[in-house]
Every structure is written in C-alpha cells, then in structure tokens.
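Trainee: I am new to this structure and would like a close look at a single part. Please take the sheet, and then show me what lies around it.

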Amino acid sequence: MSEEEERQLIRERMAHWTQQGIFGESVYDAMATDPCLPNNLCIPQVSEASGLNENTLKMRRARNMEPPFVRLTRKFVVYPKADFFQWLKRRYVPTRKDKRARDEYTQRA
C-alpha cells in the first residue's frame, strides 16, 4: 500500500464514522475498534489522523513522548491503533459546535 493510500484509508474511515452520526470523542472510540484499519498504524496514517507532520512524530519518539509507539527495528516504528486513538481521545476538547452538530443529527434521525 502506498503512503497516499494509507493516508486515504484514515480519511475514509473517519468520514464513515461521522456519516454514521458519531461525533466528538466517540469518533476516536470507533476508530480504535474499526475492523477496516490495521492493528498497527504506520507513520503516514498517524500523521494524517493527528495532524502532526512526520518530523514532529520523529522528534516526539526521540524524546520518548506520546503517542505510544512500538519500535520493531531501529528504523521501523508502528503505532498500536487502540492506544493511538485513545491518546487522541484524551486530548479532545469539545466545543459548542460539536454539541450542536450532535443535537441536529439526533433531531433529523
């Protein structure tokens, strides 16, 4: 799978869950258990989901900072899917707009 295809998979799955009416922190719970995503995410997927560029992720690994990662070899790193999305969930800051979107979706359903 190419780097762009890996990034596209994250975008598609995020869109899938929001189209299902899942918003806010719940999106990260859904992504953490999404059967269409691999159990271990590669750096481009983590970059796409978090908005952090690959150099920032590299710096965070060098400083032993989160998100949690697994170093399989000296140069090959993966991020466990469940741990990564729970890390994002812990950093989620809800806004009024999120509540309004959830309420509007509930009223339409």
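Mentor: Start with the sheet. It is open, has three strands, and follows the order S1-S3-S2 with antiparallel pairing. Its edge strands are S1, residues 40-41, and S2, residues 70-71. Each of these two pairs on one side only. Keep in mind that this is a predicted model.

How many bridges join S2 to S3? There are two, and the two strands run antiparallel. S3 covers residues 77-80. Look at valine 70 there: the residue opposite is valine 78 in S3. As a general point, strands of a sheet pair through backbone hydrogen bonds, either parallel or antiparallel.

Now step back to the whole chain. Its secondary structure comes to six helices and three strands. Read from the N terminus, the elements run α-α-β-α-α-β-β-α-α. The protein chain has 109 residues, and 34% of them are buried. Now take the contacts with a separation of 6 or more: 59% of them link residues 24 or more positions apart.

Next, follow the chain to helix H5, residues 81-90, and find phenylalanine 84 there. Is phenylalanine 84 buried or exposed? The relative accessible area of phenylalanine 84 is 0%, and the cut-off for buried is under 20%, so this residue counts as buried. What does phenylalanine 84 touch, leaving aside neighbours within four places in sequence? The list is Leu41, Val46, Ala49, Ser50, Pro67 and Tyr79. Asparagine 40 sits 44 residues away from phenylalanine 84 along the chain. Yet the C-alpha atoms of these two residues are separated by 9.2 Å.

Turn to helix H3, residues 43-50, which holds glutamine 45. Glutamine 45 has a relative accessible area of 3%, so glutamine 45 is buried too. A polar atom of the glutamine 45 side chain lies 3.0 Å from the backbone nitrogen of cysteine 42. Not counting residues up to four places away in sequence, glutamine 45 touches Glu6, Leu9, Ile10, Pro38 and Asn40.

Some of those names lead to helix H1, residues 3-19. Among the H1 residues that meet H3 are Glu6, Leu9 and Ile10. Glu3, Arg7 and Arg11 also take part from H1. On the H3 side, the partners are Pro44, Gln45, Ser47, Glu48 and Ala49. How do the two helices lie? The axes of H1 and H3 come within 8 Å and cross at roughly 40°. An angle under 35 degrees would count as roughly parallel. H1 and H3 are therefore oblique to each other. Their crossing is right-handed.

H1 has another partner, helix H2, residues 25-32. Here the axes are 10 Å apart, and the angle is about 125°. That makes H1 oblique to H2. H1 passes H2 in a right-handed crossing. From H1, the contact uses Ile10, Arg13, Met14, Trp17 and Thr18. From H2, it uses Val27, Tyr28, Ala30 and Met31.

One residue is worth tracing again. Ile10 touches glutamine 45, and Ile10 also takes part in the contact of H1 with H2. Ala49 can be traced in a similar way. Ala49 is one of the residues in contact with phenylalanine 84, and Ala49 belongs to the H3 side of the meeting with H1.

Methods: Residues numbered from 1 in each chain as written. Predicted model: local features only at pLDDT ≥ 70, side-chain atom pairs only at ≥ 80, totals over all residues. Heavy atoms only, no water. Pairing = 2+ DSSP bridges. Helix = DSSP H or I, 4+ residues; strand = E, 2+ residues; numbered from the N terminus. Buried < 20%, exposed > 50% of the residue type's maximum accessible area, 1.4 Å probe, protein only. Polar contact = N/O pair within 3.5 Å; in protein donor to acceptor, adjacent residues only side chain to side chain. Contact = heavy atoms within 4.5 Å. Axes fitted to C-alpha atoms, helices over the stretch in contact; angles between N-to-C directions. Parallel < 35°, antiparallel > 145°, perpendicular 65-115°, else oblique. Left-handed = near helix turned anticlockwise from the far one by under 90°.
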